[in-house]
Amino acid sequence: MRVCLASTSPARLMLLQQFGIRPLTLAPDVDEDAVVAAVEAAEGRRLAPDEHVLLLARRKAADVAARLADDIPGFDGIVIGGDSMFELDGEVLGKPRTAQNATERWRAMRGRTGVLHSGHAVVRLEPGTTPREVHAVAEASVSFVDDVTDAEIEAYVASGEPLQVAGAFTVDSLGGAFISRVDGDPSTVVGMSVSTLRTLVRELGVDWPTLWNTTDPSLADGRPGL
Ligand SMILES: Nc1nc2c(ncn2[C@@H]2O[C@H](COP(=O)(O)OP(=O)(O)OP(=O)(O)O)[C@@H](O)[C@H]2O)c(=O)[nH]1
């Protein structure tokens, strides 16, 4: 069973590898802001965090699944897409991208609890059959210690780590020192709930252990991806 991760996220790839899977990786070609804006305009409302991450996870998986059918005829396996957003006091926060945003967010987060929403979509590609897709959202609440100092925030932002991750924090790296509690599947916070992926894979009739220790043939000669 081949596995393709439709993501550029190093954390998502790390998660799958930690859980015994060495997937092919392909970057999704999805303009996330444009996709969300189009759906919100059509619906005449803002998307809730769970709708937001599910929409994007599904679009990313669908984009790569469609390209795979052309790039690797006869691909027999699954394509996994994901998206994560952090919700604090009803505000949906993606990657801060700038030091100022990250600093402002950390000053607002100390001592608080927010929810990390992760969307998951899995597409089953099997030669001669119609692709099948299943999807789900997982949430984990994240509580931050209340005594993070401005100096610690400045140092953390200066590390660059918080700039490119949903919510401006990581639970499995430098940011973990400022997190007092996670309620839910911890891998949800990192980028994908692997227990949720297992449920989705089973819905597609695939036994999870069959994915263990799979090395995609395209990786056989050490080339990442296609
Ligand atoms: N290592 C780590 N990464 C995190 C954590 N929280 C969020 N992230 C990452 O923050 C990023 C959220 O941005 P997304 O838009 O979902 O994904 P992306 O990184 O743009 O990658 P794509 O899947 O290609 O869209 C993901 O890469 C997550 O893995 C965390 O606690 N630890």
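Which residues in α4 meet which residues in α5? Hi everyone, let's start there, keeping in mind that this is a predicted model. From α4, we have A99, A102, T103, W106 and R107, and they meet D150, I153, Y156 and V157 in α5. If you sort that contact by class, you get six nonpolar residues, one polar and two charged.

Now for the geometry of the pair. Helix α4 covers residues 99–109, and helix α5 covers residues 150–159. The two pack at an angle of about 145°, and their axes are 10 Å apart. As for handedness, the crossing of α4 and α5 is right-handed.

Okay, on to α2, residues 32–43. Here's a little sanity check that I enjoy. Twelve residues at 1.5 Å a residue should give a span of 16 Å, since the expected value takes one less than the number of residues. The C-alpha atoms at the ends of α2 are 17 Å apart, which agrees.

So which residues of α2 are buried? They are V35, V36, V39 and E40, and yes, there is a glutamate in that list. Looking down the axis of α2, the buried residues fall within an arc of 125°, so they line one face of the helix. Part of what covers them is α3, residues 49–71. Turn to the other side of α2, and you'll find D33, A41 and A42 exposed.

One last detail, for those of you who like backbone torsions: what follows α2? That would be G44, and its phi is positive, near 70°.

That's my tour, thanks for listening!

Methods:
Residues are numbered from 1 along each chain as its sequence is written. This is a predicted model: local features need pLDDT of at least 70, side-chain atom pairs count only at pLDDT 80 or more; totals for chains, interfaces and linings use all residues. Side-chain values use heavy atoms; hydrogens and water are left out. Helices (H or I, at least four residues) and strands (E, at least two) are DSSP runs, numbered from the N terminus. Buried means under 20% relative accessible area, exposed over 50%, partly exposed in between (1.4 Å probe, protein chains only). The arc is that of the directions from the helix axis to the C-beta atoms. Contact means heavy atoms within 4.5 Å. Axes are lines fitted to C-alpha atoms, for helices over the stretch in contact, and angles run from 0 to 180 degrees between N-to-C directions. A crossing is left-handed if the near helix is turned anticlockwise from the far one by less than a right angle, and right-handed if clockwise. Ala, Val, Leu, Ile, Met, Phe, Trp, Tyr, Cys and Pro count as nonpolar, Asp, Glu, Lys and Arg as charged, and the others, Gly among them, as polar.
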